[in-house]
Amino acid sequence: MDKSKRSFLKSKRSFRRRLPPIQSGDRIDYRNMSLISRFISEQGKILSRRVNRLTLKQQRLITIAIKQARILSLLPFLNNEKQFERIESTTRTNGLRTRNK
């Protein structure tokens, strides 16, 4: 085969098809916390459709379920636990420094 003909042939790369994040038996509901928590970032933000690999309909249902869970206080609106820990640790060290002087 000539080099010119070889360049037009498609490479046969094998790839493993990823499993869908939501199985057919899973119910998208605000009470299903194990399912919902997979689609929220560490900061508490809803992840995008491209990151989740969801269909448009599934993403809409997930978004509605997350918002309902937040309103019913099953999920926090923001996850600022790390910020609070950092603020507490700095105030503790500052308080200790002033006491020692």
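I began with Asp26, which I found in the loop between helix 1 (3-6) and helix 2, keeping in mind that this is a predicted model. Its relative accessibility came out at 31%, so I entered Asp26 as partly exposed. When I set aside the neighbours within four places in sequence, Asp26 was in contact with Leu35 and Arg38.

Leu35 led me to the largest nonpolar core, which has 11 residues in all and includes Leu35 along with Ile22, Ile36 and Phe39. I then looked up where these residues come from, and noted that helix 2 (33-36) and helix 4 (56-71) each supply at least two of them. Helix 4 gives the largest share of this core, with 4 residues.

I next followed Leu75, another member of this core. Not counting residues up to four places away in sequence, Leu75 touches Met33, Ile36, Ile40, Ile66, Ala69 and Arg70; of these partners, Ile36, Ile40, Ile66 and Ala69 are listed in the core as well.

My last entry concerns Asn52, which sits in helix 3 (residues 49-52). Is Asn52 buried or exposed? I put it down as buried, because its relative accessible area is 5%, against a cut-off of under 20%. I therefore wanted to know which groups its polar side chain meets, and I found one of its polar atoms 3.2 Å from the backbone oxygen of Leu47. The side chain of Asn52 also makes a polar contact of 3.3 Å with the side chain of Gln59. Leaving out residues up to four places away in sequence, I listed Pro21, Phe39, Leu47 and Gln59 as the residues that Asn52 touches, and Phe39 had already appeared in my entry on the core.

Technical notes
Residues numbered from 1 in each chain as written. Predicted model: local features only at pLDDT ≥ 70, side-chain atom pairs only at ≥ 80, totals over all residues. Heavy atoms only, no water. Core = buried A, V, L, I, M, F, W, Y, C linked by side-chain atoms within 4.5 Å. Buried < 20%, exposed > 50% of the residue type's maximum accessible area, 1.4 Å probe, protein only. Helix = DSSP H or I, 4+ residues; strand = E, 2+ residues; numbered from the N terminus. Contact = heavy atoms within 4.5 Å. Polar contact = N/O pair within 3.5 Å; in protein donor to acceptor, adjacent residues only side chain to side chain.
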